[in-house]
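This report goes through selected side-chain pairings, one helix and a few residues of a single strand and its surroundings. The sequence and the structure are shown first.

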Amino acid sequence: MNAPLLDVRGLKTAFPTRAGEVKAVDDVSFTLQSGQVLGLVGESGSGKSVTGFSIMGLLEPPGRITGGEILFDGVDLAKLHQEDMRSLRGRRIAMIFQDPMMTLNPVLRIDTQMIEAIEAHRKVPRGEARACARDALAQVGIPSPEERLDAYPHQFSGGMRQRVAIAIALINRPDLIIADEPTTALDVTIQSQILSEIQKLTAEHGTALIWITHDLSVVSRLADDVAVMYAGKIVERGAVGDVIDRPMHPYTFGLVQSVPSRNRKGARLAQIPGMTPSPLDLPAGCAFRTRCGRADEACATPPPSAGAADHVCRCFHPREVTA
Ligand SMILES: Nc1ncnc2c1ncn2[C@@H]1O[C@H](COP(=O)(O)OP(=O)(O)OP(=O)(O)O)[C@@H](O)[C@H]1O
Ligand code: SF4
Ligand SMILES: [Mg+2]
């Protein structure tokens with residue numbers, strides 16, 4: 001197999017706070033090949049966004065990477081100078097945020113913003129850049145793209161605004177896109193359209209995609225692989241079919257049970273009992289042990305890896321996986 005496009009090894013990101021250090025991302029490792037789609041799932045506060053921001057070099061101080069490597073095409077992004085990171089961002093790596101106004105400037109016309117995004121990384125005549133911007137809007141399904149180029153962000157609906165942000169992310173044909181819950185705020189029909197379009201565009205260009213979501217059903221539609229995060233750690237990782245059909249980690253099992261499925265029509269959806277522990281006061285050993293039906297004394301120490309390299313979890317008592 002080729003060297004991965006992205007190879008995250010033992011990433012740790014922390015925020016010092018007055019109450020203590022929040023270890024938002026704690027020893028996270030995964031790889032991504034060109035063209036591959038990874039779903040990063042987990043409940044609120046599990047460290048999904050911080051993982052994305054760490055890769056993008058967009059952590060807000062005092063948050064900082066305290067360990068590990070983020071090898072992108074062999075270069076460690078965790079050690080890259082800000083200037084070099086800025087040159088990669090928008091050109092080789094782009095991010096789509098939940099709120100499109102993180103990308104868009106409210107006081108500038110769309111054409112100005114899109115042309116700027118192109119010219120920041122490529123020398124092209126103005127007319128060509130504008131044509132490229134128009135084509136990008138058309139590609140993400142914005143009607144009358146030529147006229148819409150002259151509009152301001154507030155003249156678009158929420159869904160259309162997110163499409164513009166996606167067009168900007170795609171405009172320089174990046175090798176990697178990190179999408180942080182970009183459709184969660186939109187209604188289901190629009191979510192589904194945008195999802196299909198992103199899937200098509202990334203497949204056409206061989207773009208690798210990290211799709212961050214708390215919604216397993218989105219992941220099962222979109223991703224090749226899935227990584228499940230809990231309290232800053234990846235607790236299970238593997239091909240989507242394997243993880244969803246045969247979850248090994250009790251937390252993943254709980255997540256899968258809480259997704260409505262056609263097979264369980266009429267059955268009550270299971271809820272994972274208990275609450276997410278405070279990041280400042282995580283249980284020692286396995287952080288899930290206060291909520292886990294399989295917990296015993298062993299779980300007060302750090303759990304080992306179980307399973308095979310292509311479907312692995314961190315647990316003392318993983319569920320039996322029978323293929
Ligand atoms: N600026 C910050 N200062 C202190 N702690 C922070 C900061 N940003 C994030 N955290 C903490 O880091 C942890 C991970 O947060 P993160 O935003 O990555 O979660 P998430 O998985 O993206 O959740 P959500 O699904 O709600 O978006 C949380 O405990 C959060 O409180
Ligand atoms: S290590 Fe123990 S507490 Fe943690 S998920 Fe596995 S069985 Fe449950
Ligand atoms: Mg988040």
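## A salt bridge between two helices

Glu146 has a relative accessible area of 33% and is therefore partly exposed. This value, like every other in the report, comes from a predicted model. The side chain of Glu146 meets that of Arg130 in a salt bridge, with 3.0 Å from N to O. The pair links distant parts of the chain, since Glu146 sits in helix 5 (residues 145-148) and Arg130 in helix 4, 16 residues apart. Arg130 is also partly exposed, because its relative accessibility is 22%, and the cut-off for buried is under 20%.

Glu146 and Arg130 belong to a network of salt bridges that also links Arg109, Arg134, Asp111, Asp135 and Asp150.

## Other salt bridges

The model has 19 salt bridges by the rule applied here. Side chains of opposite charge can pair when their charged atoms come close. One of the bridges joins Arg9 to Asp7, at 2.9 Å from N to O. Arg9 is partly exposed, at 42% relative accessibility, whereas Asp7 is buried, at 13% relative accessible area.

A further bridge joins the side chains of Lys79 and Asp76, with an N to O distance of 2.8 Å. Lys79 counts as exposed, because its relative accessibility of 60% lies in the range over 50%. Asp76, at 12% relative accessibility, counts as buried.

## Helix 7: length and ends

Helix 7 comprises residues 188-205, 18 residues in total. From the first C-alpha to the last, helix 7 reaches 26 Å, close to the 26 Å expected at 1.5 Å a residue.

At the N-terminal end, Asp187 acts as a cap on helix 7: one of its side-chain oxygens lies 3.0 Å from the backbone nitrogen of Thr189. Just after helix 7, Gly206 takes a positive phi of about 65°.

## Helix 7: buried and exposed faces

Which residues of helix 7 are buried? They are Gln191, Ile194, Leu195, Ile198, Leu201 and Thr202. They lie on the same side of helix 7, because they cover an arc of only 140° around the axis. An α-helix has 3.6 residues a turn, so residues three or four places apart point the same way.

The buried residues of helix 7 pack against two strands, strand 6 (93-96) and strand 8 (208-213), and against helix 4 (126-139), helix 6 (158-170) and helix 8 (216-222). On the face of helix 7 turned away from the buried side are the exposed residues Thr189, Lys200, Ala203 and Glu204.

## Glu236: a buried acid without a salt bridge

Glu236 is part of strand 10 (residues 233-239). What is the nearest side chain of opposite charge to Glu236, and how far away is it? It is Arg319, 8.2 Å away, and Glu236 is buried yet has no salt bridge. That distance is beyond reach of a salt bridge, because the rule requires a side-chain nitrogen within 4 Å of a carboxyl oxygen.

The side chain of Glu236 does make polar contacts: one of 2.8 Å with the side chain of Thr252, and one of 2.6 Å with the side chain of His311. Beyond four places in sequence, residues in contact with Glu236 include Val226, Ala227, Val228, Val243, Arg246, Pro247, Met248 and His249. Val312 and Cys313 are also among its contacts.

## Arg237 and Asp242

Arg237 also lies in strand 10 and, at 27% relative accessibility, counts as partly exposed. A polar atom of the Arg237 side chain lies 3.5 Å from the backbone oxygen of Ser29. Apart from neighbours within four places in sequence, Arg237 is in contact with Ser29, Phe30, Val226, Ala227, Val243, Asp310, His311 and Val312. The C-alpha atoms of Arg237 and Leu71 are 19 Å apart, and the two residues are separated by 166 residues along the chain.

Asp242 is in helix 9 (residues 240-245). With a relative accessibility of 24%, Asp242 counts as partly exposed. Leaving out residues up to four places away in sequence, Asp242 touches Pro247 and His311. Between the C-alpha atoms of Asp242 and Asp225, 17 residues apart along the chain, the separation is 9.1 Å.

Notes
Residues are numbered from 1 along each chain as its sequence is written. Chains are lettered from A and ligands numbered from 1 in the order in which they are written. This is a predicted model: local features need pLDDT of at least 70, side-chain atom pairs count only at pLDDT 80 or more; totals for chains, interfaces and linings use all residues. Side-chain values use heavy atoms; hydrogens and water are left out. Helices (H or I, at least four residues) and strands (E, at least two) are DSSP runs, numbered from the N terminus. The expected span of a helix is 1.5 Å times one less than its number of residues. Buried means under 20% relative accessible area, exposed over 50%, partly exposed in between (1.4 Å probe, protein chains only). The arc is that of the directions from the helix axis to the C-beta atoms. Contact means heavy atoms within 4.5 Å. A polar contact is a pair of N or O atoms within 3.5 Å; within protein, one must be able to donate a hydrogen and the other to accept it, and residues adjacent in sequence count only if both atoms are side-chain atoms. Lys and Arg count as positive and Asp and Glu as negative; His and the chain ends are not counted.
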